[in-house]
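User: I am new to this structure and would like a close look at one part of it, the places where aromatic rings come together. Please take me through them step by step.

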Amino acid sequence: MSMAAEETRKPEATAIDNVAAIFGVTGLVGKVLARKLISKPKWKVYGIARAPDHQIIPVDQSCSNFHFIQCDLLNPLETQKRLSLLQDVTHVFWVTWASQYQLDSIECCDQNKAMLSNALDAIIPGAMALKHVTLQTGMKHYVSLQGPFDENEARYYNEESPRVKPGCNFYYVLEDLLKERLHGTKKCWEETCIDGSDARLVADQQIWAATTADLDENGHSFNAINGPSFTWKEIWKAVAGKLGVQVSEEHTFSEDFWYSKAMADKQQVWKQIVAEKGLIETEIDYLANWDFLDVLFRCPVKILGTRDKVDGLGFDVRYQTVDSIMYWIDCMRDEKLIP
């Protein structure tokens, strides 16, 4: 890692105006962010992730303006050692989270706060040119998983929607930590129950928000959603067809199916598929968070957002969610992550 840090002092082939630190660079949004920023002139990117596997790093490491740094953000000493020399950072993109503990738990809040706090402790003191910090959260920002719920009510949430109780929402903890540390610097099946977001849209919107001079410096919250609504019932047949699976209407949906239970003993099956299909060696739990999928398909309240704010400010990127899913299946196949 000292090599990565030393590279901050190397002369670049072209002048660099913006330097991004992407936390969670091996994730879906992190990969797209890195590729898009590297394609822009006068940008340099530090991609930070805990995963050591070079095969999932999103950018060819021969690219002179991309530097991957492996770092366990839960280890404060390691984080300080590996990130404190990144003194040229101008933009921070936080697109990672720790999922070890149950959502809405104190442990989840504490773990995610520790990660962000360690990163800020390492970078902020030396990053004198820091302009913007982007914190990515999810639609759970607007609800508590502890209820009470009105299952028949469809609410559309905008960026000014108040925080909810009860429960411990780690998104709020991270927001408060940023405000404290940066002192106001920018920063179910048949019905529509949740909005879709394409990683390409999220990346484009984060770059837009980080580089749009017309936005004031008081900090903004933006919903990053595709726009058009969808239902899982509409999408499921398309996904099955894409994967070459035949499904009948009567067997498409089951209230008794739980992803976490169904996949709990499939590690060896997945290893066999990887070997037979010549895929990149990955653990099955790396491909999906099965517990989260159980929550997603049993969403106790409808979590729907509006795009009014970003649309009014001129951000016009949109995707159909079914098209997004088809696109990312193709990408995972191209990267030899799935057959």
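How many aromatic pairs does a search of the whole structure find?

Analyst: This is a predicted model, and a search of the whole of it finds six aromatic pairs. A pair of aromatic rings is described by the distance of the centres and the angle of the planes, and those two values are given below for two of the pairs.

One of the six is formed by W208 and F315, whose rings are 5.4 Å apart from centre to centre, with 45° between the planes, and the pair is classed as tilted. W208 belongs to helix α6, residues 199-211, whereas F315 is found in the loop between α12 (308-312) and α13 (321-334), so this pair ties together parts that lie 107 residues apart in sequence. Both partners are shielded: W208 has a relative accessible area of 15% and is therefore buried, since buried means under 20%, and F315, with a relative accessible area of 5%, is buried as well.

A second pair is made by Y327 and W328, where the ring centres are 5.0 Å apart and the planes stand at 90°, so that this pair is edge-to-face. Here the two partners fall into separate classes of accessibility, because Y327, at 33% relative accessibility, counts as partly exposed, while W328, at 12%, counts as buried.

The surroundings of these rings add to the picture. W208 and F315 are joined by F222, and W208, F222 and F315 form one aromatic cluster. F222 also has a charged neighbour, for the charged end of K309 sits over the ring of F222, 5.0 Å from its centre. A similar arrangement is found at Y327 of the edge-to-face pair, where the charged end of R200 sits over the ring, 3.6 Å from the ring centre.

Taken together, the tilted pair of W208 and F315 is part of a cluster that includes F222, and F222 in turn lies under the charged end of K309. Y327, for its part, pairs edge-to-face with W328 and has the charged end of R200 over its ring.

Key: Residues numbered from 1 in each chain as written. Predicted model: local features only at pLDDT ≥ 70, side-chain atom pairs only at ≥ 80, totals over all residues. Heavy atoms only, no water. Phe/Tyr/Trp six-rings, centres within 6.5 Å; stacked < 30°, edge-to-face > 60°. Helix = DSSP H or I, 4+ residues; strand = E, 2+ residues; numbered from the N terminus. Buried < 20%, exposed > 50% of the residue type's maximum accessible area, 1.4 Å probe, protein only. Lys NZ or Arg CZ within 6 Å of the ring centre and 35° of its normal.
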